[in-house]
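Reader: I would like to learn how to read a few features of a structure, one after another. Could you give me the general idea each time and then turn to the case at hand?

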Amino acid sequence: MIEPADTVVQPGGSVTVSATFTLDEGDPVRRVTMSAVPPAGWQADGSVVRRAQLATGERLTGTWTFIAPADVATGFVDLPVVVEFDPAPLATRQRVHVEQAVRALVPPAAPSGDVAVSGLQFIADANGWGPVERDASNGEAGAGDGAPLTIGGTQYATGLGVHAVSTVTVYLGGACDRFTAQVGVDDEVGNQGSVTFHVRGDGRSLADTGVVTGSAGATALDVDVSDVELLTLDVGDGGDGINFDHADWADATVSCR
């Protein structure tokens, strides 16, 4: 399941990250430092926090500003803060790293007008068999090996062809009002297969079809996605395993301002 980011940062923009480290147990540690470690191409403003010794229950805190490059790639990125210390006794002279990160999303441009979901950049995707196919059925394990999306004898020009268990997340940026689709098991598996379709917005459940089988036609979805930043389309296995679970998000469209 793809969870929302902790924050969104635009290319060339910045995000402030605060971190706290507490030594939960054991002997005091020495020469403690806490610092930001920017990803490649990023910058981090803020000083290294230092403590000669930290005892059990004591806290170390710091704040930094991470600055994204103007040409940063879109997608999720972790902005870590690293704590280093020498455990006692002194003879060990071992350094230990403890990481705490904020998960940021560098988004693509928000869509406008009526846009096929298959034309949007995937922020994240996973598929039960082969890749997610754009404007074609799942087919087999290779990329681009699907047939036209077909449910109950009706072909659809656009949409996503997937295989349970699958998830696709796209960025709407709060700019869209409706998500519509015709969903069902693709005709390429005959009357076999059973799946569920689940629409989530920023981690919240927006719509769920229940179990849909290969012998059924298409189910229409019309979902309010007002103010949704991240739209996620999940397909489950219907509770009986993933065999023949070729699922179509046919005519999947977002209507945006």
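## Reading salt bridges, burial and strand pairing

Author: Let us begin with a single side chain: Arg31 is partly exposed, with a relative accessible area of 40%. Please keep in mind throughout that this is a predicted model.

Reader: With which residue does Arg31 form a salt bridge, and how far apart are the closest N and O atoms?

Author: The general idea is to look for a side-chain nitrogen of Lys or Arg within 4 Å of a carboxyl oxygen of Asp or Glu. In this model Arg31 has Asp86 as its salt-bridge partner, and their closest N and O atoms are 2.6 Å apart. The pair links distant parts of the chain, since Arg31 belongs to strand S3 (residues 29-36) and Asp86 to strand S7 (residues 75-86), with their positions 55 residues apart in sequence.

Reader: Is Asp86 buried or exposed?

Author: The label depends on a cut-off, buried being under 20% relative accessible area. Asp86 has a relative accessibility of 2% and therefore counts as buried, whereas its partner Arg31, at 40%, is partly exposed.

Reader: How many salt bridges does the rule give in total?

Author: The count comes to five salt bridges. Among them is the one in which the side chains of Arg51 and Glu58 meet, with an N to O distance of 4.0 Å. Here Arg51 is partly exposed at a relative accessible area of 30%, and Glu58 is likewise partly exposed, at 35%.

Reader: Which residue forms a salt bridge with Asp177, and where do the two lie in the chain?

Author: The partner of Asp177 is Arg257, the closest N and O atoms being 2.4 Å apart. This pair, too, links distant parts of the chain, for Asp177 is in strand S16 (residues 176-185) and Arg257 is in the segment after strand S21 (246-256), 80 residues away in sequence. As to accessibility, Asp177 counts as partly exposed at 29%, while Arg257 counts as exposed at 52%.

Reader: Strand S16 also holds Gln182; what does Gln182 touch when residues up to four places away in sequence are not counted?

Author: A contact list is read by asking which parts of the chain its members come from. For Gln182 the list consists of Ile151, Tyr156, Ala218, Thr219, Ala220, Asp248, Trp249 and Ala250. A separate distance, C-alpha to C-alpha, places Gln182 and Ala252 7.0 Å apart in space, although they are 70 residues apart in sequence. Gln182 itself is partly exposed, with a relative accessible area of 25%.

Reader: Where does Ser118 lie, and is Ser118 buried or exposed?

Author: A loop position can be read in the same manner. Ser118 lies in the loop between strand S9 (113-116) and strand S10 (122-126), and with a relative accessible area of 7% this residue is buried. Under the same exclusion of residues up to four places away in sequence, Ser118 touches Arg134, Asp135, Thr158, Gly159 and Leu160.

Reader: What is the order of the strands in the open sheet of three strands, and which stand at the edges?

Author: One reads the order across the sheet and then looks for strands with a single partner. The order is S2-S6-S4, with antiparallel pairing. Strand S2 (14-22) and strand S4 (43-45) stand at the edges, each having a single partner strand, so one side of each is left without a neighbour in the sheet. Neighbouring strands of this sheet are turned by 35° against each other on average, direction ignored.

Reader: How many bridges join S2 and strand S6?

Author: S2 and strand S6 (residues 59-67) pair in the antiparallel sense over nine bridges. At the level of residues, Thr16 has Thr65 in S6 as its bridge partner.

Methods. Residues numbered from 1 in each chain as written. Heavy atoms only, no water. Helix = DSSP H or I, 4+ residues; strand = E, 2+ residues; numbered from the N terminus. Buried < 20%, exposed > 50% of the residue type's maximum accessible area, 1.4 Å probe, protein only. Contact = heavy atoms within 4.5 Å. Pairing = 2+ DSSP bridges. Axes fitted to C-alpha atoms, helices over the stretch in contact; angles between N-to-C directions.
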